[in-house]
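Thank you all for making the time this morning. I would like to walk through one model with you, going from single residues out to the whole assembly, and I will try to say what each term stands for as I come to it.

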Amino acid sequence: MNAQTKQLPKPPGKLKHALTFVIVLFLLWGSAVQTEASFGRLISGIPNMWDLLKEMFPPNWAYFDNIVNPMLDTIRMAIAGTTIGAIFAIPLSILAANNMVRSPWVYQIARFILNLLRTIPDLLLAAIFVAIFGLGLIPGILALAVFSVGLIAKLTYESLETIDRGPLEAMTSVGASKLQWIAFGVVPQILPHFISYVLYTFEINVRAAAVLGLVGAGGIGLYYEKTLGFLEYDKTNSIILLTLAVVLAIDYFSTKLREKLL
Amino acid sequence: MNRNRWLRWLIVIALVLIYVWTFWDIRFSGIKETAGKITRSIIQGIFSPDWDYVYLPDGEDLLRGLLDTLAIAALGTFISAVLCIPFAFWAAASRNKSKALSGAGKFVLSFIRTFPEIVMALLFIKAVGPGSFAGALALGLHSIGMLGKLFSEEVENMDAGPTEALIATGASRLQVLWFAVIPQVLPGFLSYTLYRFEINVRSATILGIIGAGGIGTPLIFALTTRHWDRVGIILLGIIVTVTLIDLISGYFRRKLA
């Protein structure tokens, strides 16, 4: 007993830390070589960037008239994409929660699908959907919808698994049907969380929708290429400023709403 | 109770109006007739991928594209992890600092977060020319927003005890930083950096669309030239890479926690 208390805990191995450090350093060095990073190019590029910034200011205020409608399209894409995603997320999140579905086969497969959906970034999805459906809002909406399903369903099934079992057991004991069980036992508990996740996904989708136009999926992103291609940087700046204003405003209201919900 | 019912109806009406406005103008008729055929070709491409493209002895192939993507993500994450530290300490609220100061820091960080990385990449391409380096710089600058916020929260949650104890024994500022601050915040910082790396790998796959390096360039090329089997193998490559990185990074993050 006495000998035990006198024994100091072993210090963590220095070698392991040093080894990790060397490996990370090596990976970073490899990355720098692969990307052809060079301080020289960065420093010689700084005057270019400075010129660019000078040309961006002041922003072209008159151009706002041209981009208000595409901006509204962007918001519409985000609303439509989030809504479609939210609808499909409901059954998927129930299938993925291990207290809703008994069979591990079902929920593991549902989770695998959700993970798969979230691996592909929305801009890539949009590029593929543009190749399939042609230019316009539809590919953008679909890309956002696919991404939203993955995110909303993941967040929802994780909170589904933590709901209070009391009301559920009470309902089972009085002989409620499966539908009643969900409508009166599960929905009231999960609904505020679900709406909050939908709003959160909407915030992300507005940001994403603002750049989907770069691959031809409609919205304000289309105008980046237009203005940059003609070297009209003051107009590019107008687009950036309008996007920032809209995103910050939507974030603000959405966050306020979410605080009210939870 | 009555007020609540009014509020509920108001919300329902507002929602209906928003949805009418959203779907009123969207034309669902403009879909290409070939849509079904192309979808089938892409799915076929995913199940019978162009395996030859995985490794080509000379030049652009899948493995090199993916390696490039990972390199962009790693370098970008490293740049932001270093650059965001001063921002984090600026934005962290503490007792001996004015609220306005930390509030300003938080605002700057949220401003950086809002600026889309792909637009940042467009600007960097103008500065350093197209290629992976521009992509890494864009990711590095954009990630400061999120990493700075997470780091500053880590600093705020730090236990003040060790710092006060060291100050009481007369330690210098550098000693306080080295023996009290760094040991407390380092695991959190590393964990968040790994998390951001996972996000950056996803982001790096799209940078190629605008010419900032990575696997996105061959993908957009295969899409425009209608090489559907190549689109299939590239998608497969992205899915496998992202999943593997998530697994590896998740393992290390669990060890850190």
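Let me begin with burial: a residue is called buried if 20 or more other C-beta atoms lie within 10 Å of its own, exposed if 12 or fewer do, and partly exposed in between, with the C-beta atoms placed from the backbone. What you see is a predicted model, in which local features need a pLDDT of at least 70 and side-chain atom pairs count only at pLDDT 80 or more, while totals for chains, interfaces and linings use all residues. Residues are numbered from 1 along each chain as its sequence is written, and chains are lettered from A, with ligands numbered from 1, in the order in which they are written.

On confidence, pLDDT being the predictor's confidence in each residue on a scale from 0 to 100, the mean for chain B is 86, and 96% of the residues of chain B reach 70 or more. For the complex, the predictor gives an ipTM of 0.80 and a pTM of 0.85.

With the burial cut-offs in mind, please look at Leu231(A), which is exposed because it has 11 other C-beta atoms within 10 Å. Leu231(A) sits in the loop between α10 (222-229) and α11 (233-261) of chain A, where helices (H or I, at least four residues) and strands (E, at least two) are DSSP runs numbered from the N terminus. Although Leu231(A) is not a glycine, its phi is positive, at about 60°. Chain B offers a residue to set beside it: Arg226(B), in the loop between α9 (216-224) and α10 (228-256) of chain B, is not a glycine either and has a positive phi near 60°. Arg226(B) also counts as exposed, with 11 other C-beta atoms within 10 Å.

A further backbone feature is the cis peptide bond that joins Phe57(A) and Pro58(A), with omega at about -5°; Pro58(A) lies in the loop between α3 (39-56) and α4 of chain A. As background, most residues other than glycine have a negative phi, and most peptide bonds are trans.

Moving along into helix α4 (residues 64-96) of chain A, we come to Thr82(A). Is Thr82(A) buried or exposed? It is buried, because 28 C-beta neighbours fall inside 10 Å. Taking two residues to be in contact if their C-beta atoms, placed from the backbone, lie within 7 Å, and leaving aside neighbours within four places in sequence, Thr82(A) is in contact with Leu144(A), Ser148(A), Val198(A), Thr201(A), Phe202(A) and Asn205(A). Thr82(A) and Leu142(A), 60 residues apart in sequence, are 9.6 Å apart in space, C-alpha to C-alpha.

Now the chains as wholes. Chain A has 11 helices and 0 strands, and its radius of gyration, taken over C-alpha atoms, is 25 Å, well over the 18 Å that the globule rule (2.2 Å times the number of residues to the power 0.38) gives for 262 residues, so chain A is more spread out than a compact globule. The C-alpha trace of chain A spans about 70 × 65 × 35 Å along its principal axes, and 39% of its 262 residues count as buried. Chain B comes to 10 helices and 0 strands, and with a radius of gyration of 24 Å, well over the 18 Å that the rule gives for 257 residues, it too is more spread out than a compact globule. In chain B, buried residues make up 40% of the 257 residues.

The domain bounds, which come from an automatic or database domain assignment, give domain 1 (11-55) and domain 2 (60-261) in chain A, with C-alpha centres 34 Å apart. Chain B is divided into domain 1 (2-36) and domain 2 (44-256), whose C-alpha centres lie 36 Å apart.

Finally, how many residues does each chain bring to the contact between them? Chain A gives 44 residues and chain B gives 46 residues, and on the side of chain A the most comes from helix α6 (residues 122-133), with 7 residues.
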